[in-house]
Amino acid sequence: MKNGNPAAIPNEPQAARDARQDRNKYFMNIAMAVRLRANCRGNRVGAIIVLNNRIVSTGYNGTPEKMPNCLDGGCLRCANRDKTYKSGEAYDLCICVHAEQNAVLAAARFGISVAGSTVYTTMRPCFGCAKEMLQAQVQAVYYLHEWNPHVKEDALKTKEQQAEYDRLLVRFPGGVHRLDVPDPDVEWAVSKKAPANVGVDQHGTLDV
């Protein structure tokens, strides 16, 4: 051990060092493993719920149970992505369940309370997931990649959307934090349509 840090092991992957030295990065790497099950034509997302340093639930995005997968044409909106429906629109037609939603719903299904928990998700939660996690009394959120409300042509509406989104995120007692963790599958997982704006809220979304 040198300067309080464990001795380096030859050929040891960075993820292994992170797992021992930083619990948040350890859990995020597990969320990325969960993401491998995601089935969506857009972003692929994985999420886990942690309570008292133990994983109590996991989730990834895709269509509801026993329905055709998104990649098999199971979701009308996703099947017509970039054709009939523009990016950021027609979410009321999208039947895909988000990773954070699936994690919360799985916990509820098996009678597990998530009050006071921490969610690790590979993408910053959307409006809906943020609302639902607040209602489930999730304490804190750590995310890997950015997500922002889609920038509309109406500048006023865009400003209002961002303000409402930020108003949700400040309600998490433990904050909402972005983790800097290497993601070898980012090209596969993150849609090429990157958000045109990044939130400027001051509630702890800086790198950790």
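In this predicted model, the buried residues of helix H4 pack against three strands and a helix, namely strand S1 (46–51), strand S2 (54–60), strand S3 (118–123) and helix H5 (127–135). Two of these partners return below, since Tyr 120 of strand S3 pairs with Phe 27 of helix H2, and Phe 127 of helix H5 pairs with Trp 147. Helix H4 also contributes 4 residues, the largest share, to the lining of the second largest pocket.

**Helix H4**

- Helix H4 spans residues 99–109, and its buried residues are Ala 99, Glu 100, Gln 101, Ala 103, Val 104 and Ala 107.
- After helix H4 comes Gly 111, a residue with a positive phi, near 70°.

**Aromatic pairs**

- A pair of aromatic rings is described by how far apart the centres are and by the angle of the planes.
- The structure holds 6 aromatic pairs, and among them is that of Phe 27 and Tyr 120, whose ring centres are 5.2 Å apart and whose planes meet at 40°, so the pair is tilted.
- This pair links distant parts of the chain, with Phe 27 in helix H2 (residues 23–35) and Tyr 120 in strand S3, 93 residues apart.
- Both Phe 27 and Tyr 120 are buried.
- Another pair, Phe 127 with Trp 147, is edge-to-face, with 6.2 Å from centre to centre and 90° between the planes.
- Because Phe 127 lies in helix H5 while Trp 147 sits in the loop between strand S4 (140–145) and helix H6 (155–169), this pair ties together parts that are 20 residues apart in sequence.
- Phe 127 has a relative accessibility of 26% and therefore counts as partly exposed, whereas Trp 147, at 19%, counts as buried, the cut-off for buried being under 20%.
- One aromatic cluster is formed by Tyr 26, Phe 27, Tyr 120 and Tyr 142, and it thus includes both members of the tilted pair.

**The second largest pocket**

- The second largest pocket holds about 520 Å³ of space, and of the 20 residues that line it, those closest to its centre are Tyr 60, Thr 63, Pro 64, Glu 65 and Asn 102.
- Strand S2 and helix H4 each supply at least two residues of this lining, with the largest share, 4 residues, coming from helix H4.
- By residue type, the lining of the second largest pocket divides into 8 nonpolar, 8 polar and 4 charged residues.

Terms used:
Residues numbered from 1 in each chain as written. Predicted model: local features only at pLDDT ≥ 70, side-chain atom pairs only at ≥ 80, totals over all residues. Heavy atoms only, no water. Buried < 20%, exposed > 50% of the residue type's maximum accessible area, 1.4 Å probe, protein only. Contact = heavy atoms within 4.5 Å. Phe/Tyr/Trp six-rings, centres within 6.5 Å; stacked < 30°, edge-to-face > 60°. 1 Å grid on protein atoms, 1.4 Å probe; cavity = no way out; pocket = protein on both sides within 12 Å on 5 of 7 lines; lining within 4 Å. Points joined across faces, edges and corners; volume = space filled by probe spheres on them. Nonpolar A, V, L, I, M, F, W, Y, C, P; charged D, E, K, R; others polar.
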